[in-house]
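Morning, everyone. I have one structure to walk through today. Please have a look at it while I talk.

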Amino acid sequence: MQAVRESASLTADNAVKLKVVDFLAATESEVLRQSDGRKVVTSEGERVLHTRSAKLLALEPTLGQRFVHLLANPSVAYLLFLIGGLGIVIELSHPGMIAPGIVGAACLVLALVAFSALPIRAGAVILLFLGVGMLFAELFVSHGVLALGGAVFLALGGILLIDRFNPRWFIEPSFGLPLSWVLPTAAFLGGAAAYVVVRGAQARRMPQRGGDAGLVGEVGKALTPVTEQGGEVFVHGERWQAVSQKEIPEGAPVVVRSVRGLTVQVEEKSWT
């Protein structure tokens, strides 16, 4: 029992003497020879092994099994989930980019495939989904609390992801997501979300550069004489119908004071 519970180290000969193992064999053929005639107890009762004339059959994993084995790494599964979640978030916040949505959906599916081959906790996966959802919500709420909560949920989900006490799996104590991987990743994502929020707030405080309001204050040039009855000006790289309370001669610099539909109201700009 010490060999199993306490990982006691034994030599090969001592292992046989203490009946930790049944016998020693140098080759697979030797295993079959020494196993022949032994009695074993199965769920269906006692059986006698007849292995002397048995043939060895090598079973190679399929390409699909090898691929799943490659994905069945906690760090790989966690990273795929984060990339997938962020790709979906980018696509939802910027519709029409297409590439982030496709990459995100593919990584999310691969992450779920990896999760199916690992002893994971369903609650941890829920925490991961909540974390990504809170980071997405932060883009619209913009007060920082959701970004912090999302980072915490992603960290907790990664720490609790692997169920080391699942009786259906034999799991080494070292198997799982190391804190040195989970915490920096969650902190980076939370910081990235906070950075986006700060930049968004700064952009909202900047004067509008597009649309009708963005034309007000722009300087242009009169293409024709401009009067109260009308005229044409060149402003912001475009030709506009314009009116002015005072007549403006052709070629004079003008400044936009207001926009009414497709017509701008201008004044002659003074350089003094």
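I'll start with the whole chain, move to an aromatic cluster and the core around it, and finish with a few local spots.

First, a caution. This is a predicted model. Please keep that in mind throughout.

Now the overview. The protein has 272 residues, and 29% of them count as buried. It holds 10 helices and seven strands. The accessible surface comes to about 18100 Å². Carbon and sulfur atoms own 62% of that surface. Then the contacts. Take those between residues at least 6 apart in sequence: 45% of them join residues at least 24 apart.

On to the aromatics. How many aromatic pairs does the structure hold? Two. Start with Phe 81 and Phe 115. Their ring centres are 6.1 Å apart and their planes sit at 35°, so this pair is tilted. For stacked, the planes would have to be under 30 degrees apart; for edge-to-face, over 60. Where do the two rings come from? Phe 81 lies in helix α5, residues 74-93, and Phe 115 lies in helix α6, residues 99-116. The two are 34 residues apart in sequence, so the pair ties together separate parts of the chain. Both Phe 81 and Phe 115 are buried.

The other pair uses Phe 81 again, this time with Phe 129. Here the geometry is edge-to-face: 5.0 Å centre to centre, with 90° between the planes. This pair also links distant parts of the chain. Phe 81 is in α5, Phe 129 is in helix α7, residues 122-141, and they are 48 residues apart.

Put the pairs together. Phe 81, Phe 115 and Phe 129 form one aromatic cluster. Burial varies within it. Phe 81 has 1% relative accessibility, so it counts as buried. Phe 129 has 41%, so it counts as partly exposed. The band for that label runs from 20% to 50%.

What does Phe 81 touch, once residues up to four places away in sequence are set aside? Leu 108, Ala 111, Phe 115, Leu 128, Phe 129 and Val 132.

Let me stay with α7 for a moment. The helix has 20 residues. From its first C-alpha to its last it reaches 28 Å, close to the 28 Å expected at 1.5 Å a residue. Its buried residues include Ala 124, Val 125, Leu 127, Leu 128, Gly 131, Val 132, Met 134 and Leu 135. Glu 138 is on that buried list too. As background, an α-helix has 3.6 residues a turn, so residues three or four places apart point the same way.

Now the core. The largest nonpolar core has 27 residues. Which members touch the most others? Tyr 78, Phe 81, Leu 82, Phe 115, Leu 128, Leu 154 and Leu 161. Five elements each give two or more residues: α5, α6, α7, α8 at 145-159, and α9 at 179-205. The largest share, six residues, comes from α5. There is also a second, separate core of 14 residues. Among its members are Leu 215, Ala 252, Val 256 and Val 264.

One polar residue to mention beside the big core is Thr 185, in helix α9. It is buried, at 16% relative accessible area. Beyond its neighbours within four places in sequence, Thr 185 is in contact with Tyr 78 and Leu 82. Both of those partners are on the list of best-connected core members.

Next, a hairpin. Strand β1, residues 39-42, and strand β2, residues 45-48, pair in the antiparallel sense over four bridges. Two residues sit between the strands. Val 40 stands opposite Arg 47. Val 41 stands opposite Glu 46.

Last stop, Gly 230. Where is it? In the loop between β3, 219-222, and β4, 232-235. Gly 230 is buried, with a relative accessible area of 19%. The cut-off for buried is under 20%. Leaving aside neighbours within four places in sequence, Gly 230 is in contact with Pro 225, Ala 242 and Val 243. Gly 230 and Gln 265 are 35 residues apart in sequence, and their C-alphas are 9.4 Å apart in space.

To close, go back to Phe 81. It is in both aromatic pairs, and it is among the core residues that touch the most other members. That's my tour. Questions, please.

Conventions
Residues numbered from 1 in each chain as written. Predicted model: local features only at pLDDT ≥ 70, side-chain atom pairs only at ≥ 80, totals over all residues. Heavy atoms only, no water. Phe/Tyr/Trp six-rings, centres within 6.5 Å; stacked < 30°, edge-to-face > 60°. Buried < 20%, exposed > 50% of the residue type's maximum accessible area, 1.4 Å probe, protein only. Expected span 1.5 Å × (residues − 1). Core = buried A, V, L, I, M, F, W, Y, C linked by side-chain atoms within 4.5 Å. Contact = heavy atoms within 4.5 Å. Pairing = 2+ DSSP bridges. Areas by Shrake-Rupley, 256 points an atom, 1.4 Å probe, with all protein chains shown as cover.
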